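Got a fold to pick apart? Let's go through it by asking and answering.

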Amino acid sequence: MNWKLRFLLWFVNNVQPIREVAIANIEEERKKTAMAAELGKLLFDNKTAVREIKNFKIEDIPVRLYRNSLQPNQKVIIYFHGGGFVFYNIDSHDYVARRLCDMNDATVISVDYRLAPEHSFPAAHEDAYSVIKYVAAHADALNIDASKIILAGDSAGANISACASHHFKNHPKVHIAAQVLIYPWVDGKLSSDSILRYKDGYLLTEKAMHWFQEVYTPNKKDRLNPEVSPIYHKEFKNLPPTFIITAEYDPLKDDGKSYADKLRNANNIVLYKEYKGLIHGFFNLPKLSVNSMQSYYDIQAFLRKVV
């Protein structure tokens, strides 16, 4: 664990922890997490120039489109940000979307889905499905190839991507070409060995995860529903090629590995990689370490092979 990561952990554990908050204070806490995200960009990232950026709405859902080329029939990455279904937005993940666009010669559409507690399950997932269907149906207008739709996201956003891949796998008009799941939240039990091992002190805490779950899925019966806990689907065949990224000190590491095993056992194309010396959230901090930036190169290589 390098000095940058040690400093970051000191900061999040002592100055700006990710924690449960009173529902009445949610907007104030969102402002604080947004400020922390901006500080992370300043210290551990840099803005990648992109030729075109456009904000618009798809069925009343705010999205941001990134494009570096005017060539037709581009592949498209539909990106869903993390934040426990409660925090962050397309601004917090702006640098992520820029880099994915630039490195993959792809159009990127970043989705500002509805957040809890104002909008509990299945709101975020329904927003995602609406955007995906729209992109597939309006591929020509968006200058993209409908056969090259890639779903990607981190943490809660990776949950949305994984759920969407199941949702659309037999859809007659929507084809998901690949999915990139960055430290995905896939199991509502929240009881893996890594959750217990790294439950405190590594940015994402066990207590915070349970609070996120309570806020997004207030009905306990929903928490192991495959529509939000995709590891409980009974059928895993015919899912798109998948790259699952985890971090050595991430509470969600074991669940990510278990999900990769489920996909692989069903004969899907799966790449799984654990990034050593890193924590949950590293994808937003590519200058944190060599391994952090390497994840972007690995995504680039993966997509070149499968899409």
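What follows is a set of questions and answers on the sheet, the helices, the cores and some local oddities.

This is a predicted model, where local features need pLDDT of at least 70, side-chain atom pairs count only at pLDDT 80 or more, and totals for chains, interfaces and linings use all residues. Residues are numbered from 1 along each chain as its sequence is written, and side-chain values use heavy atoms, with hydrogens and water left out.

Q: In what order do the eight strands of the open sheet run?
A: Helices (H or I, at least four residues) and strands (E, at least two) are DSSP runs numbered from the N terminus, and two strands pair if DSSP finds at least two bridges between them. The pairing here is mixed. Reading across the open sheet, the order is 1-2-4-3-5-6-7-8.

Q: Which strands stand at the edges of that sheet?
A: An edge strand here has a single partner strand, so one side of it is left without a neighbour in the sheet. That describes strand 1 (52-58) and strand 8 (270-275).

Q: What is the bridge partner of tyrosine 79 in strand 5?
A: Strand 3 (residues 74-80) and strand 5 (residues 144-154) pair in the parallel sense over six bridges. In strand 5, tyrosine 79 is bridged to alanine 152.

Q: Is threonine 107 buried or exposed?
A: Threonine 107 sits in strand 4 (residues 107-111). Buried means under 20% relative accessible area, exposed over 50%, and partly exposed in between (1.4 Å probe, protein chains only). Threonine 107 has 0% relative accessibility, so it counts as buried.

Q: Which side chain makes a polar contact of 2.6 Å with that of threonine 107?
A: A polar contact is a pair of N or O atoms within 3.5 Å; within protein, one must be able to donate a hydrogen and the other to accept it, and residues adjacent in sequence count only if both atoms are side-chain atoms. At 2.6 Å, the partner of threonine 107 is glutamine 74.

Q: Why is helix 4 described as largely enclosed by the rest of the structure?
A: Helix 4 covers residues 123-137, and its buried residues include Tyr129, Ile132 and Val135. It is largely enclosed because the buried residues number 11 of the 15.

Q: Which helix gives the most to the largest nonpolar core?
A: A nonpolar core is a set of buried Ala, Val, Leu, Ile, Met, Phe, Trp, Tyr and Cys residues joined through side-chain atoms within 4.5 Å. The largest has 90 residues, and Ile132 and Val135 are among those with the most contacts inside it. With seven residues in this core, the top contributor is helix 4.

Q: How far apart in space are aspartate 222 and proline 122, C-alpha to C-alpha?
A: Aspartate 222 is in the loop between helix 8 (206-216) and strand 7 (242-247), whereas proline 122 is in the loop between strand 4 and helix 4. They are 100 residues apart in sequence, but the C-alpha to C-alpha distance is 9.4 Å.

Q: What is omega for the cis peptide bond that joins phenylalanine 121 and proline 122?
A: The loop between strand 4 and helix 4 also holds proline 117, and the bond from alanine 116 to proline 117 is cis, with omega near 10 degrees. For phenylalanine 121 and proline 122, omega is about 15 degrees.

Q: What is the relative accessible area of leucine 190?
A: Leucine 190 lies in the loop between strand 6 (176-182) and helix 7 (193-197). Its phi is positive, about 50 degrees, although it is not a glycine. Leucine 190 is buried, and its relative accessible area is 3%.

Terms used:
Expected span 1.5 Å × (residues − 1).
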